[in-house]
Amino acid sequence: MGVKRIAVIGAGVSGLGAIKTCLEEGLEPTCFEKKSDIGGLWKYEEISKSGNPGIYKSLTCNTSKEMTAFSDYPVPDHFPIFMHNSKMIEYLRMYARHFGLMKHIQFQTNVCSIKKRPDFSSSGQWDVVVETEEAQKTYIFDGIMVCSGQYTEKYIPLQDFEGISKFQGSCLHTWEYKCPDNFVGKRVAVIGLGNSGADVAGEISRVADQVFLSTRHGAWIWNRVWDHGDPMDTTVFTRYNRAVQKLCPRYMINRQMEKKLNERFNHANYGLLPPHRILDQRTVLSDDLPNRIMIGKVKIKPNVKEFTSTSAIFEDGTEEKIDVVIFATGYKLSFPFLSDDSGVLDNQYSMFKYVFPPELEKPTLAFIGILQPAGAIIPTSELQSRWVVHVFTGLKQLPSRRAMMADINRKHQIKAKDSKESLKDSRRVIFIDYMDEIASEIGVKPNLFSLLLWDTKLAKEVFWGPCTSYQYRLQGPGKWDGARAAILTQRERMLKPLRTRVVKQSHLSHLSWVKSVCVVVFFLISVLVIMHITSP
């Protein structure tokens with residue numbers, strides 16, 4: 001049998017990782033990309049085109065560079081801790097060049113349809129029709145990796161806003177927003193409080209006359225800079241913290257996290273306190289929003305009850321004159337190339353571990369990056385791709401359809417019990433837990449006990465330090481010889497871009513030998529506890 005040919009749809013962060021993992025396992029990938037360049041969501045364009053993701057000019061990554069990096073290619077140490085979209089694109093180009101990915105990408109090529117071949121039940125093959133400026137062409141592939149993302153089809157629930165058709169001002173979605181230049185002196189209503197809504201409201205408020213940020217429920221707000229000036233995600237997403245969370249009751253975790261966020265600013269005083277607990281729904285990351293509220297440039301308002309020709313009437317009975325409405329109401333999942341094959345996905349987009357449709361006779365179609373991790377998307381989608389290629393090559397077998405559906409239903413029940421999230425949030429996963437789950441499928445989850453015996457220094461950083469993607473290259477298939485060094489130097493790479501001025505260190509206090517001993521003892525106890533918790 002010849003080399004298996006794999007179609008990768010999209011050359012964004014998930015698509016690039018998919019191409020690379022295919023090459024690692026001896027597969028032959030062909031990537032189809034609509035645009036003329038790589039980067040997907042992170043490629044800024046002055047005018048957003050239908051079917052493509054759209055971002056604003058100032059968009060900056062919400063996850064720090066060490067948590068965001070591919071598992072065998074750290075972000076350069078001089079890059080900023082949180083990368084602007086231009087820096088993210090630069091990093092992705094470096095990655096693509098380093099691993100020779102560009103030659104496997106067909107640019108300005110739209111995937112029109114993906115259909116099972118007549119002998120699919122035995123071959124698992126697909127007919128893929130693509131279109132360029134010249135003509136359409138049909139390919140036969142042994143497997144498909146859908147990496148087209150989840151931010152291409154904007155969601156605007158106009159039916160929820162009475163009178164919007166009478167509104168004489170302008171309306172747009174954050175997908176169309178680029179910069180604040182067109183909003184100077186305007187009165188702007190931003191509908192929806194997510195990451196984009198908070199970003200856009202804060203940015204526009206610097207030039208607008210007034211910004212009203214309308215939210216149904218409020219939200220818990222995080223910020224990038226955490227204790228001691230460290231990146232929030234490198235402090236929060238550690239194996240130690242996750243072990244503690246598993247030991248503590250859910251109400252206690254909620255209380256502690258909410259207390260921490262309220263120490264920065266009281267959410268109730270700012271009109272942002274939601275009715276739900278912090279673990280029940282997605283949170284929002286915004287460094288700027290509390291400051292803009294504090295100086296009065298952003299006013300938090302409840303949901304809009306109705307629009308008149310020149311104003312918005314809110315559910316609290318207040319009415320404000322409005323010039324522009326910006327909908328920050330999110331996106332819908334869209335796979336137009338699958339529309340003719342309704343047997344692939346149900347209306348809830350049910351997938352085994354958010355990757356494999358359970359109804360297919362052959363597991364030769366996989367969705368990469370179609371989930372919402374609490375942390376960075378690159379490490380999670382890269383692990384998904386590594387698992388998928390093992391399934392495609394026969395190195396790993398999926399469970400029966402019945403077992404996959406049982407797993408899907410079990411997770412739905414847990415989510416329904418533990419949270420109040422909507423269908424569009426149902427793909428939310430716990431960052432470390434999900435990565436460990438996928439890593440266990442291919443034998444690359446780090447073995448803390450083994451590390452503790454043979455490499456205590458590394459074990460301490462793996463357990464206490466940020467759970468970076470390099471941990472999943474320490475052992476098993478795809479092991480990278482540079483993984484240990486990448487983990488032990490990750491803190492240096494975080495600090496490097498900050499040290500642009502040499503400062504003489506004062507006499508800093510150091511841990512006494514007694515405290516050091518206590519730390520080591522507590523570490524040993526914690527490792528034993530987490531091993532007991534995670535053991536079958």
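Two strands pair if DSSP finds at least two bridges between them. Keep that in mind for this tour of a predicted model.

**Stop 1: a run of antiparallel strands**

Select residues 110-116, strand β4, and residues 126-131, strand β5. Six bridges join β4 to β5, and the two strands run antiparallel. Now click on Lys116. Which residue in β5 stands opposite Lys116? The residue is Trp126.

Keep β5 on screen and add residues 136-141, strand β6. Six bridges join β5 to β6, again in the antiparallel sense. Pick Val128, then look across to Tyr139 in β6, its bridge partner. Next, follow the chain from β5 into β6. Four residues lie between these strands, and the two form a hairpin.

**Stop 2: helix α1 and its neighbours**

Select residues 13-24, helix α1, together with residues 85-98, helix α3. Their axes come within 11 Å and cross at roughly 15 degrees. Angles under 35 degrees count as roughly parallel, so α1 and α3 are roughly parallel to each other. The crossing is left-handed. Show the side chains at the contact. On α1, pick Val13, Leu16, Gly17 and Lys20; on α3, pick Leu92, Tyr95 and Ala96. This contact divides into five nonpolar residues, one polar and one charged.

Stay on α1 and add residues 377-392, helix α10. The axes of α1 and α10 come within 9 Å and cross at roughly 35 degrees. Is this crossing left-handed or right-handed? α1 passes α10 in a right-handed crossing. Among the contact residues on α1 are Ser14, Ala18 and Thr21; those on α10 include Ile377, Glu382 and Arg386. The residues of the contact of α1 with α10 divide into six nonpolar, five polar and two charged.

**Stop 3: a salt bridge**

Side chains of opposite charge can pair when their charged atoms come close. A search of the whole structure finds 38 salt bridges. For one of them, select Glu28 and Arg5, where the N to O distance is 3.7 Å. Glu28 lies in strand β2 (residues 28-32) and Arg5 in strand β1 (residues 5-9), so this pair ties together parts that are 23 residues apart in sequence.

**Stop 4: a five-stranded sheet**

Now colour five strands in the order β9-β18-β10-β11-β14. They form an open sheet with parallel pairing. Which strands are at the edges? They are β9 (170-173) and β14 (298-301), and each pairs on one side only. Neighbouring strands here are turned by 20 degrees against each other on average, direction ignored.

Zoom in on β9 and residues 324-327, strand β18. Four bridges link β9 and β18 in the parallel sense. Ser170 stands opposite Val324 of β18.

Add helix α5, residues 195-204. α5 lies across β10 (187-191), β11 (210-214), β14 and β18. Against β11, α5 runs at about 165 degrees.

**Stop 5: a three-stranded sheet**

Finish with β15, β16 and β17. They form an open sheet in the order β15-β16-β17, with antiparallel pairing. β15 (304-307) and β17 (319-321) each have a single partner strand, so one side of each is left without a neighbour in the sheet. The twist averages 25 degrees from one strand to the next.

Last, select β15 with residues 311-314, strand β16. These two pair over three bridges in the antiparallel sense. How is Glu306 matched? Its bridge partner in β16 is Ile313.

Definitions and conventions
Residues are numbered from 1 along each chain as its sequence is written. This is a predicted model: local features need pLDDT of at least 70, side-chain atom pairs count only at pLDDT 80 or more; totals for chains, interfaces and linings use all residues. Side-chain values use heavy atoms; hydrogens and water are left out. Axes are lines fitted to C-alpha atoms, for helices over the stretch in contact, and angles run from 0 to 180 degrees between N-to-C directions. Angles under 35 degrees count as roughly parallel, over 145 as roughly antiparallel, 65 to 115 as roughly perpendicular and the rest as oblique. A crossing is left-handed if the near helix is turned anticlockwise from the far one by less than a right angle, and right-handed if clockwise. Contact means heavy atoms within 4.5 Å. Ala, Val, Leu, Ile, Met, Phe, Trp, Tyr, Cys and Pro count as nonpolar, Asp, Glu, Lys and Arg as charged, and the others, Gly among them, as polar. A salt bridge is a side-chain nitrogen of Lys or Arg within 4 Å of a carboxyl oxygen of Asp or Glu.
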